[in-house]
Amino acid sequence: MVWFERIRMKSKIKWAALGGLVLSFASIMVHLFLAKSSASLVQYGAITAFTEDLNHIDNSGRKGAGYRRLWGKVNALEPLQPYANPRSVPYLVPNGKSNGFVYAKIHGGFENIRTSICDLVTVARLLNATLVIPEIQESTQSKGISSKFKSFSYLYDEDLFIAGLASDVIVVKSLPPNLKEGRIKKQYPIFRPKSSSSPNFYLNDVLPKLKSAKVIGLILTDAGCLESILPASLVEYQRLRCRVAFHALHFRAEIVRVAHQMVERLRGSGQPYLAYHPGLKRDTLAYHGCAELFQDVHTELIQYRRAQMIKRGVIKEQLIVDSYTRKANGSCPLMPEEVGLLLRAMGYPPRTRIYLAGSEAFGGQRVLIPLRAMYANLVDRTSLCSKHELSNIIGPETQFPADSFEFPPTKSAKQLKEEWDKAGPRPRPLPPPPDRPIYRHEKEGWYGWIAEKDSEPDPSPNDFRDKAHRLLWDALDYIVSLEADAFFPGFDNDLSGWPDFSSLVMGHRLYKMASSRTYRPNRKYLTELLNSTSEHLYHPPRNWTLKVREHLNKSMSEDGILHGFRQLKPKSFLSHPLPECSCTTVKSADSQKGSGLQIIYGEQNECPLGLELGLKTVGSQESSDDDTETQEDETETELLDSDENSQADTIPSSEQDEEMDPDD
């Protein structure tokens with residue numbers, strides 16, 4: 001009897017175990033189904049956590065002195081207003097009697113495209129020519145992009161572009177049918193102008209051939225086709241550049257819709273946000289010789305690109321230079337860790353929302369770890385958008401086969417020794433220990449070739465497509481940075497002669513709302529400050545913090561405007577469109593002698609009476625809202641004390657530490 005009960009008990013245990021296994025399997029299948037079905041909604045979880053992380057902030061006093069010190073307008077620049085309308089009388093509207101057609105191909109990235117389009121429209125007006133909508137080579141069908149878009153329309157709205165320039169230049173979508181055949185047969189003259197080309201070049205060399213051939217082609221590879229500073233007699237052409245960049249160039253509707261959703265999510269719960277663009281790009285770093293600021297593989301990649309530039313004659317210097325000397329001169333970027341320390345010195349709390357612009361930061365997530373440790377709410381487009389939302393911007397595309405990687409033939413120890421000896425003193429990634437296997441990720445990836453070859457492989461079809469996608473990501477970042485409550489550049493005005501993302505954003509913000517908080521840091525001065533307290537960066541002395549605040553506050557005001565007027569404008573007009581494309585509400589008699597605005601404007605460019613009256617009405621409404629809060633002023637010492645008391649919040653939690661993978 002006892003034996004029978006034991007068998008019965010064992011049978012029950014077996015059935016219970018089997019039931020548990022079945023339930024476990026069912027639970028796993030349900031979890032997998034839910035994970036798959038909710039993949040497209042993953043961003044909502046991140047946004048919810050992002051919002052809950054800031055719910056503790058007291059919004060009732062958000063517009064007190066502390067808020068205004070970090071997010072308020074720059075009062076000294078409020079008189080500056082956008083005004084790019086033609087001012088010469090009469091301003092001739094184009095008619096059907098043009099000298100011919102101008103078509104163009106634009107090579108390069110987002111910054112080159114935007115600058116080149118503005119120059120093309122200006123040149124077309126100068127030549128009294130009809131402009132064919134330019135072709136963006138990074139987004140042609142050969143790059144494997146969606147068939148829904150055609151070159152220019154991949155990034156911008158063609159119809160709004162044509163309508164926005166109706167009073168300036170006649171723009172058509174393509175050449176007339178009777179002229180297309182001549183282009184196919186290459187019967188028309190083609191020019192390759194430089195970004196430093198003068199108006200005389202077009203009037204003396206290009207215009208006669210345009211009149212004779214009726215069609216000319218321009219190939220733009222130098223980030224523009226017209227010099228930045230034009231003679232005073234051509235000031236209306238400078239204003240035309242502004243009307244193109246700030247009014248006629250509209251991103252297509254899908255891009256604008258997603259960008260505005262990102263701005264809404266960043267401003268959830270009524271919170272402001274700061275946009276930051278690191279400016280860490282391989283070409284720029286190679287041009288300035290900043291390789292030693294990075295480590296192993298990335299150093300080698302920068303040096304390889306620098307060697308290519310030297311071979312092409314772009315750089316007239318030696319391959320190996322002292323990167324730290326270059327950084328002390330302001331020629332290298334502020335690293336993300338340094339930017340975090342500067343923002344902390346300014347008083348931005350640890351839970352400040354920071355949007356990371358830039359489609360890719362050279363150095364990967366490793367260089368962002370210190371900044372993310374100081375500001376946990378550091379997000380980018382992948383944090384704010386789902387894959388489904390981003391794929392809607394891209395459109396339907398033909399799937400390419402994945403890039404395959406073939407392991408090279410095994411080399412003997414003698415061959416490896418000879419190659420290593422020939423490599424010289426260049427910084428090269430060390431080989432793994434002999435007893436450890438070579439992992440797959442060490443051979444694959446966009447930099448895997450560095451470990452085995454001395455030459456970079458040719459781009460694959462997927463690489464070309466990624467470059468086209470990068471235009472879209474830059475467009476999203478541009479809109480989000482433009483709408484930000486504050487903007488901080490990591491590497492603007494690099495003096496390379498190429499337009500950079502940060503400078504274009506800063507110029508657009510200066511035009512659209514000059515009083516918005518746009519930092520214009522002097523990298524040379526800030527590097528000296530950072531080096532002076534290198535041993536106490538995370539606990540700097542009080543006077544160091546005051547110096548940082550004084551410099552950054554001045555950089556947003558007249559001092560920064562004057563510096564840009566002297567340094568930025570000669571390189572890129574769109575980065576500093578003053579005074580041609582704006583006006584001031586301050587009368588010349590009321591302006592202080594020697595002030596930055598008085599030096600730039602002099603006796604001219606006062607706003608028209610109608611515009612000034614409208615601005616006064618809006619300004620009176622805003623001032624009435626702030627009058628009740630002016631009594632809450634705080635001294636710098638009190639603010640410093642409050643910042644020091646909040647330093648405990650900057651220490652990341654253990655959960656954050658677990659998420660920071662240095663090899664990510």
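A polar contact here is a pair of N or O atoms within 3.5 Å; within protein, one of them must be able to donate a hydrogen and the other to accept it, and residues adjacent in sequence count only if both atoms are side-chain atoms. Helices (H or I, at least four residues) and strands (E, at least two) are DSSP runs, numbered from the N terminus. With that in hand, Asp500 turns out to cap the N-terminal end of H19, with a side-chain oxygen 3.4 Å from the backbone nitrogen of Ser502.

This is a predicted model, so local features need pLDDT of at least 70 and side-chain atom pairs count only at pLDDT 80 or more, while totals for chains, interfaces and linings use all residues. Residues are numbered from 1 along each chain as its sequence is written, and side-chain values use heavy atoms, with hydrogens and water left out.

On confidence, pLDDT (the predictor's confidence in each residue, from 0 to 100) averages 81 over the protein, and 76% of the residues reach 70 or more. Among the elements, strand E8 (residues 273–277) has the highest mean, 97, and helix H26 (residues 654–659) the lowest, 39. Residues 39–49 sit below 50, and beyond near neighbours in sequence this stretch has 12 contacts (heavy atoms within 4.5 Å) in the model. Residues 620–640 also stay under 50, with 20 contacts beyond four places in sequence. Where pLDDT is low, the predicted coordinates should not be read in detail.

Overall, the secondary structure comes to 26 helices and 13 strands. Of the 664 residues, 46% count as buried, meaning under 20% relative accessible area (exposed is over 50%, partly exposed in between; 1.4 Å probe, protein chains only). As for contacts with a separation of 6 or more, 80% come from residues 24 or more positions apart.

Back to H19 (residues 501–512): its end C-alpha atoms are 17 Å apart, which agrees with the 16 Å expected for 12 residues at 1.5 Å each, the expected span being 1.5 Å times one less than the number of residues. This helix is mostly covered, with 11 of its 12 residues buried, including Phe501, Met506 and Tyr511.

Helix H9 (residues 253–266) makes a nice counterpart. Its buried residues are Ile255, Val258, Ala259, Met262, Val263, Arg265 and Leu266. Seen down the axis, they fall within an arc of 165 degrees (taken from the directions from the helix axis to the C-beta atoms), so they line one face of H9.

Finally, Glu397 lies in the loop between helices H16 (387–394) and H17 (413–422). Its side chain makes a polar contact of 2.9 Å with that of His469.
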